[in-house]
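Work through the exercises below with the structure open beside the text, and try each task before reading its solution.

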Amino acid sequence: MIASLIVTLDAKTQDTIDQISGLPGVEIGTVNQDAARLPITIDSADPNALEEITRSLQECPGVAFVDVVFVHFEEARHARLKTENCFNG
Amino acid sequence: MDNDQPLPLDAIQRRQFIKASAMAAATAVAGGTGFSLPILAQEPKDRIEWEKAPCRFCGTGCHVQVGVQGGKVVAVAGDQNAEVNKGLLCVKGYHVGSALYGEDRLTKPLLRDGDSYREISWDEAIKTIADRIEAAPERFAFYGSGQWTIPEGYAAQKFMKGGLANNHIDPNARLCMASAVTGFLATYGVDEPAGCYDDLDVCDVLIMWGNNPAEMHPVLFSRVTDRRSRGEKVLLIDIGTRRTRTTDACQHYLEMKGHGDMAIANGIAHLLIKNGTYDRKFVESHCNFKAPDDENPNLHGKPITFDEYKRQLEPYTPEHVEELSGVLADDIRMLAELFGNPELKITSLWCMGMNQHTRGTAINSMVHGVHLLSGHFGTPGNAPTSLTGQPSACGTVREVGTLAHALPGGRVVADAEHRQQAEEFWNVPENRINPIPGYHTVKMWESFCTPTDEGGDIGTIWVQVTNPGQTLPNLNKLFNPKESNKANLEDKFLIVSDVYPTATTRLADLILPSAMWVEKNGVVGNSERRTQQWFKMVDPPGDARDDCWQAIAVAHELFERGMDGMKDRDDRFLFEVNGEDDQPVPIWEWEHYYDVNVDKHLFEEYRQFSRMKHKDLAPYDEYVKARGLRWPVVEQDGEWNETLWRFSEGYDPYVKQGEDIQFYHSSTHDDRAQIWFHPWIAPAEVPDDEYPFMLCTGRVLEHWHTGSMTRRIPELSRAMPGGYLEICAEDAAAYGLRNGDKALVESRRGSLVIPVWIDGRGQPPRGTVFIPFFDEMLLVNDLTLDALDPFSKQPDYKKSAVRIEKVSS
């Protein structure tokens, strides 16, 4: 699974960036020097691992909040919407 | 990823591509650059054609660049030329193109045949609808939404009020922003915000009143948080009943009880007067005072003096407000100090929290009142601004007037002069328009679900672009009887035009497959009075067709049958459109519908109405060139200029020179706005021993409204797969609930078994729970209350008493 996220920092410090880059599967993109929002990707084995890494990100000192831009499932098929109780099964 | 099996080379390359796309998307959002995001996990091969369109989802009105290749939408990017979003999109916006390509798109008209459906031709479908209308035109109702484009809503409006002389047309927007409308009307005499999104770029203080823009209008919210990240000082205050993502970004969170907002507004006004910090000059020059007329309840109330206003506010000391609202007295003082400081620029935002409220008209008026009393109005950064949830709630519902009492351009059916104006524009015979307002949403569905011999006088409803089987409150009263009381409602007939099967199509008698978004032309109006246009880019699937065409085709079938209402004064078809040769084009035949631009024709006809209440629109072609224009759009020196701040000299061309501020549609006809006093009143239902929790419902970032589109987008569906009961850890522990446990939630109206999420996306306080409404498998509106605001007729979805019980596995 590959997820695309934005991490918004309270203040952009090297310590925070080091902590984020040390998380498993995390890759940090490039942005303007002054920007407090980091583009990152997470490459994880499964949804649980992804959730765990995201939670760790949120708990990193200096991280204000984390937004998910998208999550790509390698085996993705169209999500099946459960419409059994609606129409056409 | 499967770590046990090595990936083949092409899979690795594909994976690298996806990862690069993921990083591009994140970089685009983080840096505001214009990267395009391939939305279908499909590598671009040939040249992609790019065209502009507003996003299909919320009322923010972000513009997207839509990439089309081989007759299919393959990419979406934020539009850097759009003032609203400046190249940014939220997670829903980036995936909007995928909404077209769910596997279960409706592609054929389907007629109920017992417990199943059979495919029928469009011709049979149109005739079936015409039969129902012809048999009893007065028992027919049209139910739409702020997802109707402006031309679609206008056509439906003209068909009903100008054709059938029937005012039973109302939108889903009744459930979402009707109280904002009545709040604006009661205060300024005319609807819609005076300010605009530019206020967010310059305000010093932003107050969210029961509003969660971080999830519901994320691009707008990012305009403010970006300012902070650039080092600007802006104070964010969240007044709410539960912690949300918005709270996380705010310096102050003021947690209130339901209806606490009314006490807070009165508390601020009380202190402004007591401390002498209200703006005396602004008030004396531009405002009157009003209070409810209890003997003759009406939207415009009764006049009171400043001294009476002051006296009525006297009980609302900070300490008393703390008792009523739960917000600390010191925080009320803080708010009053901020409003009392003329150096600060203050913007207020609200949405469903203040609108879905049995005193919605009152609280809307009261927040306007706080801004007027303190003079925080009419200059950049000083604005009370309501937001909308649907892409054209403003454009189609509020401006076109697709409400049971309204006519286009801010006119009303009850006014003889307004009816006469509309009849002139429509070229229909005098007295064609019925002067009696039709049924508002709740009354319409209540009548439909009541047997005819018990007074249920709505026999047929045609639903377009909305999903009432999921969004109506108290579904067991207002929708589900179609199934549960089938034997007594056999003569009732439900027609649903939609793009996917929904909770509403489930009970439909006739289902019509519709085109959506860039499968058709469109014009919409967003929350800041911005009108936006786009062209059709791809064909709809199968036999899906435009909603507007469907209405026109039915109208023409009735015209062919000789129904007088479908003829104008000259006996011509009500929707006659001439081609370049000045001859009528048979637009009721699908193969000829796009021979002319029907949208342009309808828009230009509608535009005449827009000038009646200074909501002037520019010619259609001006919108083709622009990323939207904010009305009034007035031609000056050969240029069509938009208006950023209404009623304010120097910005609004209709304000007379030297007036500074002029409320030129004042209900008191003296160019003044009304500052209202309303007493605090308890919610319609409050927790008690039997039902000890307050249930709040709402939306989540990943899904738009009922999820009928976003749940078919794999990335969004996986990110937020299903509904949940949000509960705090203390309450969960008290009921022995853990994450993932099932809970039975019961109200006086229905029950629901739903998984528990402890302190989930939001964090409700003790005694409050939250359930989102996007999941059609977990219909929270089986539980909600259908109590209404007395003026807007909008229900309260935020305060229903419930009880909870753990369901043993």
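**Exercise 1. What share of the residues of chain A count as buried, and which pattern does chain A follow along the sequence?**

Solution. In this predicted model, 36% of the 89 residues of chain A count as buried. Turning to the secondary structure, chain A has two helices and four strands, and reading along the sequence gives the pattern β-α-β-β-α-β. As a last step, consider the contacts in chain A with a separation of 6 or more: 68% of them are accounted for by residues 24 or more positions apart.

**Exercise 2. Describe how helices H10 and H14 of chain B pack against each other.**

Solution. Begin with the geometry: H10 (residues 260–274) and H14 (residues 329–339) of chain B pack at an angle of about 60 degrees, and their axes are 9 Å apart. Angles from 35 up to 65 degrees are neither roughly parallel nor roughly perpendicular, and H10(B) is therefore oblique to H14(B). The crossing of the two helices is right-handed. Next, locate the contact, to which H10(B) contributes B:Ile264, B:Gly267, B:Ile268, B:Leu271 and B:Leu272, while H14(B) contributes B:Ile332, B:Arg333, B:Leu335, B:Ala336 and B:Phe339. Sorted by character, the residues of this contact comprise eight nonpolar, one polar and one charged.

**Exercise 3. In what order do the strands of the open sheet with E12 of chain B stand, and which strands are at the edges?**

Solution. The open sheet is formed by three strands of chain B in the order E13-E12-E26, with mixed pairing. Strand E13 (302–304) and strand E26 (673–676) each have a single partner strand, so they stand at the edges, and one side of each is left without a neighbour in the sheet. From one strand to the next, the twist averages 50 degrees. Looking at one pairing in detail, E12 (residues 287–291) and E26(B) run parallel and are joined by four bridges, with B:Cys287 having B:Ala673 as its bridge partner in E26(B). Finally, helix H12 (residues 306–313) of chain B lies across E12, E13 and E26, and runs at about 50 degrees to E12(B).

**Exercise 4. Are the residues on the two faces of strand E15 of chain B buried or exposed?**

Solution. In general, the side chains of a regular strand alternate between the two faces of the sheet. In E15 (residues 383–386) of chain B, B:Ala383 and B:Thr385 lie on one side and B:Pro384 and B:Ser386 on the other, and all of these are buried, so that both faces are covered. As for its pairing, E15(B) runs parallel to strand E14 (residues 346–350) of chain B, and four bridges join them; B:Trp350 stands opposite B:Ser386 in E15(B).

Notes: Residues are numbered from 1 along each chain as its sequence is written. Chains are lettered from A and ligands numbered from 1 in the order in which they are written. This is a predicted model: local features need pLDDT of at least 70, side-chain atom pairs count only at pLDDT 80 or more; totals for chains, interfaces and linings use all residues. Axes are lines fitted to C-alpha atoms, for helices over the stretch in contact, and angles run from 0 to 180 degrees between N-to-C directions. Angles under 35 degrees count as roughly parallel, over 145 as roughly antiparallel, 65 to 115 as roughly perpendicular and the rest as oblique. A crossing is left-handed if the near helix is turned anticlockwise from the far one by less than a right angle, and right-handed if clockwise. Two residues are in contact if their C-beta atoms, placed from the backbone, lie within 7 Å. Ala, Val, Leu, Ile, Met, Phe, Trp, Tyr, Cys and Pro count as nonpolar, Asp, Glu, Lys and Arg as charged, and the others, Gly among them, as polar. A residue is buried if 20 or more other C-beta atoms lie within 10 Å of its own, exposed if 12 or fewer, and partly exposed in between; C-beta atoms are placed from the backbone. Two strands pair if DSSP finds at least two bridges between them.
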